[in-house]
Amino acid sequence: MTDLIVVAAVLAAVAVLLLPAVRRSTLWRATVTPLASIIGSGFLVLGPILTTEYGGYAPMVMALLCLAAYGFGAAVRANIAAIEAAGDRSRAERWLEDAASWALAFAYVVSVAYYLNLFGAFALHLTPFDTPFEARLLTSAMLILILLVGWGWGFKALERMETVSVSLKLAIIAGLLVGLGLFFFGLWRGGALYDNPEPTSAWRSITLAFGLIVTVQGFETSRYLGRSYDARTRIASMRLAQWISAAIYLVYILFLTMSFPASETHLSETAIIDMMGVVAPILPAMLVLAALAAQFSAAIADTGGAGGLTVELTGGRLSQRQAYAVLCSLGLAITWTSGVFEIIAYASRAFALYYGLQSALAAVAAHRAGRNIRAALFLLMACLGVAIVLFGVPAE
């Protein structure tokens with residue numbers, strides 16, 4: 001019965017997302033890109049990490065992660081508005097803009113390794129080849145495939161390799177939440193919900209949360225949709241994407257952390273598959289499908305973003321093909337020298353550097369406009385970005 005309800009929820013979500021009124025909505029089309037980036041691979045690894053590491057405090061930590069992301073998003077939105085105003089920018093602003101672009105290009109390199117390592121882990125989890133070595137081999141093969149296709153036929157060919165739509169991924173997540181909700185309320189009615197203990201080390205908890213910021217990352221993509229949408233639409237779509245994703249994350253973490261004992265949760269990058277097998281037998285296969293679509297499409301998008309940014313930042317001295325080669329070489333090095341949770345922490349630090357620079361840029365612009373309270377808040381966000389870069393640690 002739970003399987004039938006989950007499938008019905010997925011089909012209902014697909015039907016809603018494919019409604020002509022939804023598909024024709026300019027705001028929704030602009031929202032889908034950042035929303036799909038935020039609720040991507042991080043959604044699948046975050047639940048087991050928070051359950052294991054934070055116990056009953058997991059929903060509060062999730063709320064703080066969403067709040068931090070919203071603060072960084074506010075800085076990016078302020079910069080979108082500042083660019084739209086088209087006023088002369090100071091030397092400091094131009095320097096911060098260039099530095100942020102370089103930081104984002106590097107963050108894309110790490111995130112491609114992050115996405116494809118999760119791809120390797122999820123793809124092999126339900127097979128006899130579920131070992132770290134085989135997962136790294138598959139990740140390496142996917143990196144080389146992306147390089148060969150991008151080198152030989154360009155990025156348009158890479159884009160055509162995306163075969164699963166964002167709507168399908170979001171619909172599967174809707175099915176997961178429905179199934180998990182039914183499981184949660186069944187335990188609640190039987191008085192069997194878990195009261196997981198609090199974490200033992202406050203400093204460890206803080207630094208681990210710093211290392212998880214990448215799991216709520218993705219909203220910044222709205223800034224780079226200027227060819228398709230005006231500034232007002234991009235600002236509104238980013239805000240809406242963050243509201244929707246925060247609501248989904250908070251419900252998901254609340255249900256998960258009260259439905260499973262932290263002491264019996266095995267921490268691994270694919271732990272969510274085994275946990276959801278208890279909720280509904282159909283969910284593991286559906287989650288693997290969603291994970292593979294999310295990881296591969298996100299890796300392609302970030303490969304293109306890194307290539308384009310590198311060409312722009314080097315003034316054409318490095319071609320897009322050469323940028324792909326550098327990206328894939330670094331991705332292979334990261335894959336064979338780091339575990340998935342280490343890569344998550346690296347990606348968090350890389351994006352935190354970008355967000356910190358964006359916040360500093362917003363602070364300078366606000367100060368120039370005489371909005372000193374706003375400038376001080378953005379400066380605090382910049383300091384938070386620096387703290388994440390310095391102190392973020394991986395889950396173990």
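Contact here means heavy atoms within 4.5 Å. The model is predicted, so to speak with care: local features need pLDDT of at least 70, side-chain atom pairs count only at pLDDT 80 or more, and totals for chains, interfaces and linings use all residues. Residues are numbered from 1 along each chain as its sequence is written, and side-chain values use heavy atoms, with hydrogens and water left out.

**Exercise 1. Glu-97 and its helix**

Task: find which helix holds Glu-97, work out whether Glu-97 is buried or exposed, and list what Glu-97 touches.

Solution. Step one: Glu-97 sits in helix H6; helices (H or I, at least four residues) are DSSP runs, numbered from the N terminus. Step two: its relative accessible area is 16%, so Glu-97 is buried (under 20% is buried, over 50% exposed, and in between partly exposed, with a 1.4 Å probe and protein chains only). Step three: skipping residues up to four places away in sequence, Glu-97 touches Arg-89, Arg-223, Gln-358 and Leu-361. Step four: the helix around it is mostly covered too, as 25 of the 34 residues of H6 are buried.

**Exercise 2. Two helix lengths**

Task: check what span H6 should have, then do the same for H15.

Solution. Start with the rule: the expected span is 1.5 Å times one less than the number of residues. For the 34 residues of H6 (residues 91–124) that gives 50 Å, and the end C-alpha atoms are 50 Å apart, which agrees. For the 29 residues of H15 the rule gives 42 Å, and the end C-alpha atoms are 42 Å apart, so that agrees as well. While you're at H15, note that 22 of its 29 residues are buried, and that Gly-370, which follows H15, has a positive phi near 80°.

**Exercise 3. H16 and its partners**

Task: how do H10 and H15 each pack on H16?

Solution. Two packed helices are described by the angle between their axes and the distance between the axes. The axes are lines fitted to C-alpha atoms, for helices over the stretch in contact, and angles run from 0 to 180 degrees between N-to-C directions.

Take H10 (residues 202–210) with H16 (residues 372–391): the angle is about 105° and the axes are 8 Å apart. That makes H10 and H16 roughly perpendicular (under 35 degrees is roughly parallel, over 145 roughly antiparallel, 65 to 115 roughly perpendicular, the rest oblique). Trp-203, Thr-207 and Phe-210 of H10 meet Leu-384, Ala-387, Ile-388 and Phe-391 of H16.

Now H15 (residues 340–368) with H16: the angle is about 160° with axes 7 Å apart, so H15 and H16 are roughly antiparallel. Among the H15 residues in this contact are Ser-348, Leu-353 and His-367, and the H16 side includes Phe-378, Met-381 and Ile-388.

**Exercise 4. Two partly exposed leucines**

Task: which residues do Leu-250 and Leu-289 touch?

Solution. Leu-250 lies in H11 (residues 231–259) and is partly exposed at 32% relative accessible area. Not counting residues up to four places away in sequence, Leu-250 touches Pro-59, Met-62 and Ala-63.

Leu-289 belongs to H13 (residues 283–313) and, at 42% relative accessibility, counts as partly exposed. With neighbours within four places in sequence set aside, its contacts are Leu-168 and Ile-172. The C-alpha atoms of Leu-289 and Ile-172 are 8.8 Å apart, though the two are 117 residues apart in sequence.

Conventions. Helices (H or I, at least four residues) and strands (E, at least two) are DSSP runs, numbered from the N terminus.
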